[in-house]
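Me: I should like to take a close look at a single part of this protein model. Please give one connected account that a first-year student can follow with the structure in view.

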Amino acid sequence: MELSSKYATQVYFIRHGIAAERGTYVDDHQRPLVDKGIQKTQKIAQRLVSLGLHFDMLLTSPLVRAVQTAKILCEAKLALDYQLFPPLAPEGCLQNWLSWLESWQSEVPKSLALVGHKPDLSQWAQQLVQGNSNDRWVFKKAGIIGLTLPDAQSAIGNSQLFWLAPPHLIL
């Protein structure tokens, strides 16, 4: 999908795959993907490849389940590598990401994938499109939200939604 001249960046918000249940690990940051989550995420990654997607940059939350999801995406060759990005951890700050984005857009304004968590990713996406977040978007594990963003300084309320899909619609 080509970007219009008005918009600079395509951003894919990807929720981590199915992980171990809450409470099964003392430290929630250490909860890994379960076998079903690994398999489903691998299938999603292969489907994205078949659709011709490639990410110029992949940022991930530092939590284990998100890093595992990012690794699966890289193994499928959707991105060359991933970078840990602490603001993608739960309760991260959209403004921190927008500051990073502003710098990145000046270098390579193409496609970017963010691997993280609910509700943060869906709230960020809603703020970028609507200017606020009512947290009504359904964002399933291994689901994807795709937005086209203008420059980072004017992204809030001015971005365009082009994809909001749960895994079963992707597969």
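At what angle do H1 and helix H2 (residues 64-75) pack, and how far apart are their axes? Please start from that pair and then describe the surroundings of H2.

Reply: The model is a predicted one. Two packed helices are described by the angle between their axes and the distance between the axes. For H1 and H2 the angle is about 40 degrees, and the axes lie 9 Å apart. H1 is therefore oblique to H2, since an angle under 35 degrees would be needed to count as roughly parallel and one of 65 to 115 degrees to count as roughly perpendicular. The crossing in which H1 passes H2 is right-handed. On the side of H1, the residues that make the contact are Ile38, Thr41, Gln42 and Ala45; on the side of H2, they are Thr69, Ile72 and Leu73. Sorted by character, the residues of this contact are four nonpolar and three polar, with no charged residue.

H2 itself comes next. This helix has twelve residues, and the distance from its first C-alpha to its last is 16 Å, close to the 16 Å expected at 1.5 Å a residue. The buried residues of H2 are Arg65, Ala66, Val67, Thr69, Ala70, Ile72, Leu73 and Cys74. The elements that cover these buried residues include E1, H1, strand E2 (57-60), E3 and strand E4 (111-116). Helix H1 thus appears both as the partner in the crossing and as part of the cover over H2.

Thr69 is a useful residue to follow through this region. Its place is in helix H2, and Thr69 is one of the residues by which H2 meets H1. Thr69 has a relative accessible area of 1%, so it counts as buried, the limit being under 20%. Leaving aside residues up to four places away in sequence, Thr69 touches Arg15, His16, Gly17, Leu33, Thr41 and Val115. Among these, Thr41 belongs to the H1 side of the helix contact.

His16, another residue touched by Thr69, leads out of the helix pair. His16 is located in the loop between strand E1 (9-15) and helix H1 (35-50). With a relative accessible area of 4%, His16 is buried. Its contacts, again without residues up to four places away in sequence, are Arg65, Ala66, Thr69, Val115, Gly116, His117, Lys141 and Ala142. Of the residues in that list, Arg65, Ala66 and Thr69 are among the buried residues of H2.

Ala142, which His16 also touches, deserves a brief remark. Ala142 lies in the loop between H4 and strand E5 (144-149). Although Ala142 is not a glycine, its phi is positive, about 70 degrees. Ala142 counts as buried, at 4% relative accessibility.

A positive phi is also found just after H2, where the helix is followed by Lys77 with a phi near 75 degrees. Lys77, likewise, is not a glycine. Lys77 lies in the loop between H2 and E3. With a relative accessible area of 64%, Lys77 is exposed, since the limit for that class is over 50%.

A second helix pair may be set beside the starting one. H3 and H4 pack at an angle of about 65 degrees, and their axes are 11 Å apart. H3 is therefore roughly perpendicular to H4, whereas H1 is oblique to H2. The crossing of H3 and H4 is right-handed. This contact is made by Leu94, Trp97 and Leu98 of H3 together with Trp124, Gln127 and Leu128 of H4. Its residues divide into five nonpolar and one polar, with no charged residue.

Pro87 has a link to this second pair through Trp124, one of the residues that Pro87 touches. Pro87 is in the loop between strand E3 (83-84) and helix H3 (94-105). Its relative accessible area is 14%, so Pro87 is buried. Besides Trp124, Pro87 touches Gly92, Cys93 and Asn96, not counting residues up to four places away in sequence. As for the distance to the starting pair, the C-alpha atoms of Pro87 and Ala45 are separated by 23 Å.

One more feature concerns the loop between E4 and H4, which is the place of Pro119. A cis peptide bond joins Lys118 to Pro119, with omega about 10 degrees.

Methods
Residues are numbered from 1 along each chain as its sequence is written. This is a predicted model: local features need pLDDT of at least 70, side-chain atom pairs count only at pLDDT 80 or more; totals for chains, interfaces and linings use all residues. Side-chain values use heavy atoms; hydrogens and water are left out. Helices (H or I, at least four residues) and strands (E, at least two) are DSSP runs, numbered from the N terminus. Buried means under 20% relative accessible area, exposed over 50%, partly exposed in between (1.4 Å probe, protein chains only). Contact means heavy atoms within 4.5 Å. Axes are lines fitted to C-alpha atoms, for helices over the stretch in contact, and angles run from 0 to 180 degrees between N-to-C directions. Angles under 35 degrees count as roughly parallel, over 145 as roughly antiparallel, 65 to 115 as roughly perpendicular and the rest as oblique. A crossing is left-handed if the near helix is turned anticlockwise from the far one by less than a right angle, and right-handed if clockwise. Ala, Val, Leu, Ile, Met, Phe, Trp, Tyr, Cys and Pro count as nonpolar, Asp, Glu, Lys and Arg as charged, and the others, Gly among them, as polar. The expected span of a helix is 1.5 Å times one less than its number of residues.
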